[in-house]
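Biologist: Could you take a close look at the enclosed spaces inside this protein, and at what lines them? Please begin with the strand pairing, and then go on to the cavities.

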Amino acid sequence: MTWKRALATALALLLAAPLAAQEEFFPATEPVEFAPGQSEGEVGELIFRGGVAIAPDKAQIGGISSLTWHDGQLYAVTDDGRRVVMTPDDQGSRLVDVSSISLAPLRDAKGGKLGSKERGDAEAITRLASGEWLVAFEQEHRIWRYADLAGPATGEDSRAAALLAGAAPNEGIETLAAYDGGLLACGEWADPARPNCLRITDSGAVSFALAAPEGIAEAGGVPTDAACRKDGSCFVLFRSYQASQGNRAAIVALAPDNSAATLAVLTPPLTLDNFEGLALREEPGHTFLYLASDDNFRNCETRPGAGCQRTLLMKFELKPPPAGPAPLTAQDFGPTRSARPAVRPFPEAASVSVVLETSLGPITIALETERAPITAGNFLRYVDEKRLDGTTFYRAMDVASAYSPSGVLQGGARGDPKRVRAPIAHEPTNLTGLSHTHGAVAMASLGAGTADGDFFIMIEDQTGLDADPSSSDPTWRDGYAVFGHVTAGMDIVAAIHAAPRDPEQGEGLMKGQMLAEPVRIITARRAAPAP
């Protein structure tokens with residue numbers, strides 16, 4: 001358990017307040033290793049990127065049967081009819097903790113709780129491109145639609161009904177994974193004579209038998225969750241348990257034509273439990289897979305002894321192709337959240353827009369000439385005097401966040417005596433009302449009154465750079481001066497931020513943050529007035 005989790009747990013015990021159904025709270029966790037004595041490791045095509053065991057807590061966390069990634073969080077359903085939302089805490093690419101969890105009951109069409117095990121045994125969850133959610137239940141086999149997971153069920157989805165014909169109560173649909181124009185559904189069995197998967201598209205449904213890979217097939221491996229890319233290629237999780245062999249798991253890559261290739265088979269002595277959830281997280285240049293286990297409400301913390309289980313959350317990264325990943329471009333970031341433009345906090349305030357034409361494309365910045373007149377005016381003079389023409393973006397720094405990429409991108413005159421003007425007075429954020437939010441632009445400086453011709457752009461919120469008048473440290477008391485917002489071209493910013501860095505360049509804290517090939521700012525000009 002990290003120190004902040006421990007503090008939160010202590011406070012919770014002191015207050016002794018019952019948890020509301022949807023209240024977010026810090027769970028009690030502890031790190032888990034790849035294998036006994038191994039904090040790092042690889043298996044098949046996967047690289048271990050950290051994991052935690054989550055304690056049941058007073059909220060009775062457990063019974064997780066499926067997992068999906070959406071907007072920086074992991075969504076799950078449980079055997080007792082609840083939904084779970086977890087926010088992973090990453091340091092770089094490594095999962096180190098879970099910073100919050102919320103639980104709430106799933107609802108029926110009338111808004112009521114599902115009640116019995118027979119009605120509430122949720123086994124699979126996925127989110128459609130429309131924003132709707134699908135949840136599959138066994139015992140009483142069905143798939144329900146939800147416009148909002150916090151609200152009532154809005155209907156039933158019968159497209160996979162053929163898969164359930166003759167299914168035993170405990171052999172329902174364990175696997176649901178949506179993609180653009182399609183849905184993959186699999187049942188909890190593996191029998192060549194009985195198709196266990198169904199791929200559903202607008203043109204119809206195709207059933208097929210997806211076999212467990214060697215290494216788990218002989219232990220009775222069955223599909224238990226899946227996640228798909230937008231193009232219909234999917235990752236399918238298999239799990240098995242035998243008293244003589246313990247738990248096993250495998251991950252299979254399923255092509256759009258339903259041909260399969262084994263990515264990894266996880267067997268002892270690797271850290272294992274009853275893995276029933278798999279989620280796919282795609283970041284430019286990285287593909288992450290999360291695995292979650294179902295403790296069947298027999299958690300070792302509350303029911304120690306033979307047969308006890310744990311709720312594990314483990315993170316893996318898919319190895320890049322042997323040739324290495326292709327250089328990232330703005331197109332790679334187009335569909336990601338980092339491509340969204342900044343939101344100006346005072347849209348009615350006067351501003352002047354400028355366009356930085358870079359070698360990767362244009363970046364448009366609204367200079368906050370009313371809210372930060374000194375700083376914005378200084379930048380505008382650099383533009384009008386063409387002092388930024390031919391300069392570069394040269395530094396990229398990562399900041400740990402629930403989202404990736406996250407950090408700052410720095411560019412400008414880089415101290416060139418032929419370009420820099422005299423330093424300007426400092427305009428702290430507590431006076432301008434601006435903040436280091438996503439897409440904000442601020443001046444680089446070594447302290448108040450030292451900013452000249454270098455600036456940096458925020459990717460995701462970096463509000464720790466705002467002025468803090470209560471701080472005794474002058475750097476954090478004054479903060480940095482925000483003076484503009486990127487209104488177009490954040491995909492370009494993210495692509496530059498992802499460019500390769502030279503591990504030997506830079507001094508002190510900046511070592512390793514310098515771009516191996518700085519990206520050129522060809523011109524900086526006032527934007528043409530809107531028609």
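Modeller: In this predicted model, strand β9 (residues 133–137) is joined to β8 by five bridges, and the two run antiparallel. Within this pairing, Ala 124 stands opposite Ala 136 in β9. The two strands belong to an open sheet of four, ordered β8-β9-β10-β11, with antiparallel pairing. Because β8 (122–127) and β11 (155–156) each have a single partner strand, they stand at the edges, and one side of each is left without a neighbour in the sheet.

Turning to the enclosed spaces, a search of the whole structure finds two cavities of 30 Å³ or more. The largest cavity holds about 80 Å³ of space, and 14 residues line it, with His 426, Met 443, Ser 445, Ala 451 and Ala 481 lying nearest its centre. Sorted by class, the lining of this largest cavity comprises seven nonpolar, six polar and one charged residues.

The second largest cavity encloses about 30 Å³, and its lining consists of Asn 378, Phe 379, Tyr 382, Leu 388, Met 443, Asp 452, Gly 453, Asp 454 and Phe 455. The elements that supply two or more residues to this lining are α4 (373–384) and β28 (454–459), and α4 gives the most, with three residues. By class, the lining of the second largest cavity has five nonpolar, two polar and two charged residues. Met 443 is thus named both among the residues nearest the centre of the largest cavity and in the lining of the second largest cavity.

Definitions and conventions:
Residues are numbered from 1 along each chain as its sequence is written. This is a predicted model: local features need pLDDT of at least 70, side-chain atom pairs count only at pLDDT 80 or more; totals for chains, interfaces and linings use all residues. Side-chain values use heavy atoms; hydrogens and water are left out. On a 1 Å grid over the protein atoms alone, a cavity is a set of points where a 1.4 Å probe fits but cannot get out, and a pocket is an open set with protein on both sides within 12 Å along at least five of seven lines; lining residues have an atom within 4 Å of a point. Grid points are joined across faces, edges and corners, and a volume is the space filled by probe spheres set on the points. Ala, Val, Leu, Ile, Met, Phe, Trp, Tyr, Cys and Pro count as nonpolar, Asp, Glu, Lys and Arg as charged, and the others, Gly among them, as polar. Two strands pair if DSSP finds at least two bridges between them.
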